[in-house]
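What follows is a guided walk through one protein chain, to be read with the sequence and the 3D view side by side. It goes from the cysteines to the strands, and ends with a pocket.

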Amino acid sequence: FTQLGERKVTAIIMLLKRSGRALIVSDVDVVWLQDPRPLFSGELAGFENLKFADLLASSDCLDPERDVREDGCFRTLIDRNTGVVVARNTTRTLAAMEEWRTRTSMAYSWETDQTAFDDMLRGRGRGHRFTMSPDARAAHFRHKLAWCGYPSDTLEADTMGTVSAIAGMHIPGSRRLFDVCITNVTRNLLFGILPLLQVSNGHAFFIQQLQLQSGVWPMAVQATYQFGDE
């Protein structure tokens with residue numbers, strides 16, 4: 001499974017370089033119910049900023065109110081979900097994809113391309129979940145603070161991305177993007193999380209049935225599982 005994840009990221013990199021275009025990538029357990037391009041290109045009210053993102057991804061967020069309030073449950077420690085990824089052809093995106101591939105190739109035990117993706121976007125070191133010792137994690141965090149330009153007393157939770165002004169192009173009322181610093185890769189990847197009601201995970205669609213509660217039929221549904229469903 002890990003090797004398949006690495007091949008997936010390799011394919012993304014190859015297609016970005018060969019096509020010169022943006023990519024919409026979805027796993028085989030994703031069903032598309034509507035054309036998502038108006039959402040990704042910022043044509044839908046409330047999501048205009050998405051057109052500026054280097055990288056967009058779905059998430060395992062289960063709380064629709066928090067999804068709106070926190071721009072995709074950004075501060076919640078749940079995995080960003082790689083079932084749906086939008087990768088624009090920018091230097092920052094390509095650098096992040098190369099780092100994602102490296103981390104996926106090093107995945108250990110139950111780590112996957114998704115856990116590697118999440119750790120990368122949170123600015124954690126390679127092998128954070130299994131192979132890094134506590135001292136190595138601490139050393140990496142000190143390096144991250146210096147490389148990313150954070151004050152030395154910054155808490156880790158405050159280094160996982162800052163709300164982006166998008167160089168003055170932020171559109172009021174739109175879902176926010178975040179400047180994400182990936183150590184030794186890029187200091188300002190423009191990253192955003194796709195809205196839960198429009199790009200639904202399995203729990204939200206099949207168990208919570210948010211589409212019936214909200215009256216919003218999703219553009220895509222992924223047949224995911226989330227930890228802790230018991």
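Cys61 and Cys73 are both buried, and they are a good place to begin in this structure, which is a predicted model. A disulfide joins Cys61 to Cys73, with a distance from S to S of 1.9 Å. The two cysteines are 12 residues apart and the bond links distant parts of the chain, for Cys61 sits in the loop between strand S3 (55–59) and helix H3 (64–69), while Cys73 sits in the loop between H3 and strand S4 (80–87).

How many disulfides does the structure hold? There are 2 disulfides, and with the bonded cysteines counted along the chain they follow the pattern 1-2, 3-4. The other link to look for is that of Cys148 and Cys181, whose sulfur atoms lie 2.0 Å apart. Cys148 belongs to helix H6 (residues 134–148) and Cys181 to strand S6 (residues 178–182), so this pair ties together parts of the chain that are 33 residues apart in sequence. The link of Cys148 and Cys181 is left-handed, with -85° about the S-S bond. Since buried is taken as under 20% relative accessible area, Cys148 counts as buried at 17% relative accessibility, and Cys181, with a relative accessible area of 3%, is buried as well.

From Cys148 the view can be widened to the helix that carries this residue. H6 has 15 residues and reaches 21 Å from its first C-alpha to its last, close to the 21 Å expected at 1.5 Å a residue. Within H6, Cys148 is joined among the buried residues by His140, Phe141, Lys144, Leu145 and Trp147, and the buried residues of this helix pack against S6 and S7. Just after H6 comes Gly149, which takes a positive phi of about 85°.

Strand S7 (residues 186–193) leads on to S3, since S3 and S7 pair in the parallel sense over 3 bridges, and in this pairing Leu55 stands opposite Phe191 in S7. S3 also runs antiparallel to S4, to which 5 bridges join it, and here the bridge partner of Ala57 in S4 is Val85. Is S3 enclosed or exposed? Of the 5 residues of S3, 5 are buried, so the strand is largely enclosed by the rest of the structure.

Ser58 shows the setting of this strand at the level of a single residue. Ser58 is found in strand S3 and is buried, with a relative accessible area of 3%. Leaving aside its neighbours within four places in sequence, Ser58 is in contact with Arg80, Asn81, Gly83 and Val84, and also with Ile193, Leu194, Val199 and Gln222.

Val199, one of these contacts of Ser58, brings the reader to a further set of strands. An open sheet is formed by 3 strands in the order S2-S9-S8, with mixed pairing. Its edge strands are strand S2 (30–32) and strand S8 (199–200), each of which pairs on one side only. S8 and strand S9 (residues 220–222) pair in the parallel sense over 2 bridges, and the bridge partner of Val199 in S9 is Ala220.

Gly202 has its place in helix H7 (residues 202–207), and at 4% relative accessibility Gly202 counts as buried. Not counting residues up to four places away in sequence, Gly202 touches Ile207, Gln222, Ala223 and Thr224, so that Gln222 is a contact of Gly202 and of Ser58 alike. Although Gly202 and Val30 are 172 residues apart along the chain, their C-alpha atoms are separated by 9.5 Å.

The last stop is the largest pocket, which holds about 850 Å³ of space. Which residues that line the largest pocket are the closest to its centre? Of the 31 residues of the lining, those closest to the centre are Phe1, Asn81, Thr112, Gln114 and Tyr225, and Asn81 has already been met as a contact of Ser58. The elements that give two or more residues to the lining are helix H1 (2–19), S4 and helix H5 (113–121), with H5 giving the most, at 4 residues.

Conventions:
Residues are numbered from 1 along each chain as its sequence is written. This is a predicted model: local features need pLDDT of at least 70, side-chain atom pairs count only at pLDDT 80 or more; totals for chains, interfaces and linings use all residues. Side-chain values use heavy atoms; hydrogens and water are left out. Two strands pair if DSSP finds at least two bridges between them. A disulfide is a pair of cysteine sulfur atoms within 2.5 Å. Buried means under 20% relative accessible area, exposed over 50%, partly exposed in between (1.4 Å probe, protein chains only). The expected span of a helix is 1.5 Å times one less than its number of residues. Contact means heavy atoms within 4.5 Å. On a 1 Å grid over the protein atoms alone, a cavity is a set of points where a 1.4 Å probe fits but cannot get out, and a pocket is an open set with protein on both sides within 12 Å along at least five of seven lines; lining residues have an atom within 4 Å of a point. Grid points are joined across faces, edges and corners, and a volume is the space filled by probe spheres set on the points.
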